[in-house]
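Here are some notes for a colleague who is going through this model. The points move from one helix to the core and then to the chain as a whole.

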Amino acid sequence: MVSVISEHITINPGFCGGQPCITGHRIKVQDVVIWHEEMGMSPEEIIYHYPSITLADVYAALTYYHDHREEIRTQIRADETFVRELQSQNPSILQQKLKSLNVKNY
């Protein structure tokens, strides 16, 4: 039996931080999950926005996710925490300028 997912999903320590990604692309499995589950994009919409990947790639990424759900969810949470920390250490120049002009965020 041939593993179909391995044709579409690659894990390489020197590529995409060692996270599972679509073979030959810098699109991580977690990116596909976020687009599909959190942003509500259908697999067809994903390939519309990223035409270099195939529908089979998208479904393989979603299958990989369902087989490794906790691992992928943990990585998504870690990335979100990293972004929040980075944003808190490097405030937006625009927000600083608006604050100095006493403009409220809407």
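1. Before turning to the helix, a cut-off is needed: a residue is called buried when its relative accessible area is under 20%, exposed when that area is over 50%, and partly exposed in between. The model is a predicted one, and every statement below should be read with that in mind.

2. By this criterion, I72, R73 and I76 are buried in α5. Around the axis these residues cover an arc of only 100 degrees, which places them on the same side of α5. The other side of the helix carries exposed residues, namely E70, F82, S88 and Q89. The cover over the buried residues of α5 includes α2 (29-38) and α4 (55-67).

3. The geometry of α5 can be checked against a simple expectation. The helix runs over residues 69-89, and at 1.5 Å a residue its 21 residues should span 30 Å, the expected span being taken as 1.5 Å times one less than the number of residues. The C-alpha atoms at its ends are 30 Å apart, in agreement with that expectation.

4. R73, which lies in helix α5, deserves a closer look as a buried residue with polar partners on its side chain. Its relative accessibility is 19%, and R73 therefore counts as buried. The side chain of R73 makes a polar contact with the side chain of E37 at 3.3 Å, and another with the side chain of E38 at 3.1 Å. When neighbours within four places in sequence are left aside, the residues in contact with R73 are V33, E37, E38 and Y65.

5. Is D79, another residue of helix α5, buried or partly exposed? Its relative accessibility is 25%, so D79 counts as partly exposed. With residues up to four places away in sequence not counted, D79 touches Q19, K28 and Q30, and its side chain makes a polar contact of 2.6 Å with the side chain of Q30. By contrast, D79 and Y50 are 29 residues apart along the chain, and their C-alpha atoms are separated by 22 Å.

6. Which residues have the most contacts inside the largest nonpolar core? They are I9, V29, V32, I46 and I72, in a core of 18 residues. The elements giving two or more residues to this core are α2, α4 and α5, and the largest share, 6 residues, comes from α4. In soluble globular proteins, nonpolar side chains tend to be buried together.

7. V29 can serve as an example from that core, as it is listed among the residues with the most contacts inside it. Leaving aside neighbours within four places in sequence, V29 is in contact with I9, P20, C21, A61, Y64, Y65 and I72.

8. For the chain as a whole, the secondary structure comes to 6 helices and 2 strands, which follow the pattern α-β-β-α-α-α-α-α when read along the sequence. The radius of gyration is 18 Å, well over the 13 Å that the globule rule gives for 106 residues, so the chain is more spread out than a compact globule. Along its principal axes the C-alpha trace spans about 65 × 30 × 25 Å.

9. Two further totals complete the picture. Buried residues make up 28% of the 106 residues in the chain. Among contacts with a separation of 6 or more, 44% are accounted for by residues 24 or more positions apart.

Conventions
Residues are numbered from 1 along each chain as its sequence is written. This is a predicted model: local features need pLDDT of at least 70, side-chain atom pairs count only at pLDDT 80 or more; totals for chains, interfaces and linings use all residues. Side-chain values use heavy atoms; hydrogens and water are left out. Helices (H or I, at least four residues) and strands (E, at least two) are DSSP runs, numbered from the N terminus. Buried means under 20% relative accessible area, exposed over 50%, partly exposed in between (1.4 Å probe, protein chains only). The arc is that of the directions from the helix axis to the C-beta atoms. Contact means heavy atoms within 4.5 Å. A polar contact is a pair of N or O atoms within 3.5 Å; within protein, one must be able to donate a hydrogen and the other to accept it, and residues adjacent in sequence count only if both atoms are side-chain atoms. A nonpolar core is a set of buried Ala, Val, Leu, Ile, Met, Phe, Trp, Tyr and Cys residues joined through side-chain atoms within 4.5 Å. The radius of gyration is taken over C-alpha atoms; the globule rule is 2.2 Å times the number of residues to the power 0.38.
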